[in-house]
Every structure is written in C-alpha cells, then in structure tokens.
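Student: Could you pick one part of this protein and take me through it closely? I would like to start at a single element and work outwards to its neighbours.

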Amino acid sequence: MTRLLKSTVLLGLATILLIASVVSACGEGSSKAKKTVVLGWMGDQTGAAAATFKQVQWGIDDYISQMDPIPGVNIGFKTYDFREEYARVPMGYEWLKGQGMSLLLQYNPNVQVVTADDQIQDKIPSFSFNVDVKTTENEWVFGYSVTLHDEATLVMDYLVNDWWETKGMTRPIKIGAMLLSDLESGSIYWQAYQDYAAAHAE
C-alpha cells in the first residue's frame, strides 16, 4: 500500500510540476536567471489524516531530491497544517499565498471547494488527488483522479464483479463501510454506495 501511494504521489507531482513550470514561465520574458516555484502544501500533519500525510510527504521529498523536475527552476515547498479542520483552510491559504505560493497542492478535494473562488481571483492553480463535482468547471482546479462519487462507484463495481468472484463466492456480496459521517467526503461515499446498491438490487 505504501509503495502504491508513493507511486501515485510521484505521478501526480510530475503533473503538477509541469503545470507549475507553465505558471512560472508566464510573464518572465527571456530572463535566464533560475526561477523558484513555490508549492503550497495544505496538509494534515497532526490531525486525523496525519499518517497519510506523512506517506505523501515522503513521496514528494523523494521525487524532488532525486530528480531535477524542471530544468532551470528551483522547487520551493511551504506547508500549512490544517489538521483536517476546514475552518483553518482560508487562513492557511492566505498564509501560503503570503509565502509566495505558485501552486496549491493537497490530497483532499474538500479543500479546493473552500479555496476555489480565491484561486480564480488570485490566478493560483490547485491540484488534488480527487476532485469535487462543485469545482470541476473551475479552470484553476485540477485533480489526479475522478470525483469521490465516481471513485466509490468504481470500488463497488470492482468488489461486486471482480474481487468477489476471485474468492469463489456465489452468494450475494455484503459490503460494510466505515466512514466519518461529519465529513462531506464520507457522505459522498455513502451516497455512491447506496446509489450503486439501488441500481444493482439483483
């Protein structure tokens, strides 16, 4: 699981660095001086998702230290710990912007929902591992994967149509879910599970 998570991080980071290189090039003219792209990382260092944050951070650190992602560009990194508390996101966004953030990076699409309007005004792109349907029309919001609802649907389809058969089971599958009901992402996943079950009642 750790290796898969790190691989996902590295692929995603390669994509955002390509975006960041375009952002850094805008308005720079023909200057040959080495530029700095500051990645603002809105992560959870001490809250409920801290363990995941560490895995993601290690993957990013490995990529930047072992590669030269954008020739002629230094990669700066500023981190804000929002502790999985969304009331802290606006303050964190402003702090990262004050640190010279060129691109906002996070793994939680709910953060993008909070920052989307500010990103339009500030012309700062963001990149998340998933996206929220409420931000898909925002040209400053990017995601590595599908929406949370689509992700949950794909998981259900895999469990029902692939994984269950590999276990040699013929009876109907019963799937349990453990979610954080006070987070919007948990509600989205739960709704997707219910939608899938209703559409495949047989």
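Tutor: What follows starts at one strand, then moves to its partners, its core and the loops beside it.

A few ground rules before we begin. This is a predicted model, in which local features need pLDDT of at least 70, side-chain atom pairs count only at pLDDT 80 or more, and totals for chains, interfaces and linings use all residues. Residues are numbered from 1 along each chain as its sequence is written, and side-chain values use heavy atoms, with hydrogens and water left out.

First, let's get our bearings. The protein has six helices and five strands, where helices (H or I, at least four residues) and strands (E, at least two) are DSSP runs numbered from the N terminus. Read from that end, the order of elements is α-β-α-β-α-β-α-β-β-α-α. Of the 202 residues in the protein, 40% are buried; that word stands for under 20% relative accessible area, with exposed meaning over 50% and partly exposed anything in between (1.4 Å probe, protein chains only).

Now to our chosen part, strand β1, which covers residues 35-43. Seven of its nine residues are buried, leaving the strand mostly covered. On one partner, strand β2 (residues 73-81), β1 makes nine bridges in the parallel sense; strands count as paired if DSSP finds at least two bridges between them. Within that pairing, M42 stands opposite Y80 in β2. Helix α2 (residues 50-66) joins β1 and β2 in a right-handed β-α-β unit. Right-handed here means that, with the strands pointing away from the viewer, the path from the first strand over the helix to the second runs clockwise.

β1 also pairs with strand β3 (residues 103-105), again running parallel, this time through three bridges. Here W41 has L105 of β3 as its bridge partner.

Those two residues turn up again in the packing. The largest nonpolar core has 15 residues, and W41, I75, L105 and Y107 touch the most other members. Such a core is a set of buried Ala, Val, Leu, Ile, Met, Phe, Trp, Tyr and Cys residues joined through side-chain atoms within 4.5 Å. β1, α2, β2 and β3 each supply at least two residues of this core. A separate second core holds 10 residues, among them Y80, Y93, M101 and L104. So Y80, the residue opposite M42, belongs to that second core. As a general background, nonpolar side chains tend to be buried together in soluble globular proteins.

Let's step past the end of β2. The loop between β2 and α3 holds R83, whose phi is near 55°, a positive value in a residue other than glycine. That is worth a second glance, because most residues other than glycine have a negative phi. R83 is partly exposed at 39% relative accessible area. A87 is found in the loop between β2 and α3 too, and at 75% relative accessibility A87 counts as exposed. Along the chain A87 and V114 are 27 residues apart, while their C-alpha atoms are separated by 9.2 Å.

On the far side of that loop comes helix α3 (residues 89-98), where P90 has its place. P90 is partly exposed, with a relative accessible area of 39%. Its C-alpha lies 9.1 Å from that of V111, although 21 residues separate P90 and V111 in sequence.

Aromatic rings also meet in this stretch. A search of the whole structure finds three aromatic pairs. One of them is F82 with Y86, whose rings are 5.8 Å centre to centre with 55° between the planes, a tilted arrangement. Rings of Phe, Tyr and Trp (its six-membered ring) pair if their centres lie within 6.5 Å; planes under 30 degrees apart count as stacked, over 60 as edge-to-face and the rest as tilted. F82 is buried at 0% relative accessible area, whereas Y86 is partly exposed at 22%. W163 and W164 also form a tilted pair, because their ring centres are 5.9 Å apart and their planes meet at 35°. There, W163 is partly exposed at 31% and W164 is buried at 11%.

One last stop, for comparison with R83. K123 has a positive phi of about 55° although it is not a glycine. K123 sits in the loop between α4 (109-122) and β4 (126-128) and counts as exposed at 55% relative accessibility.
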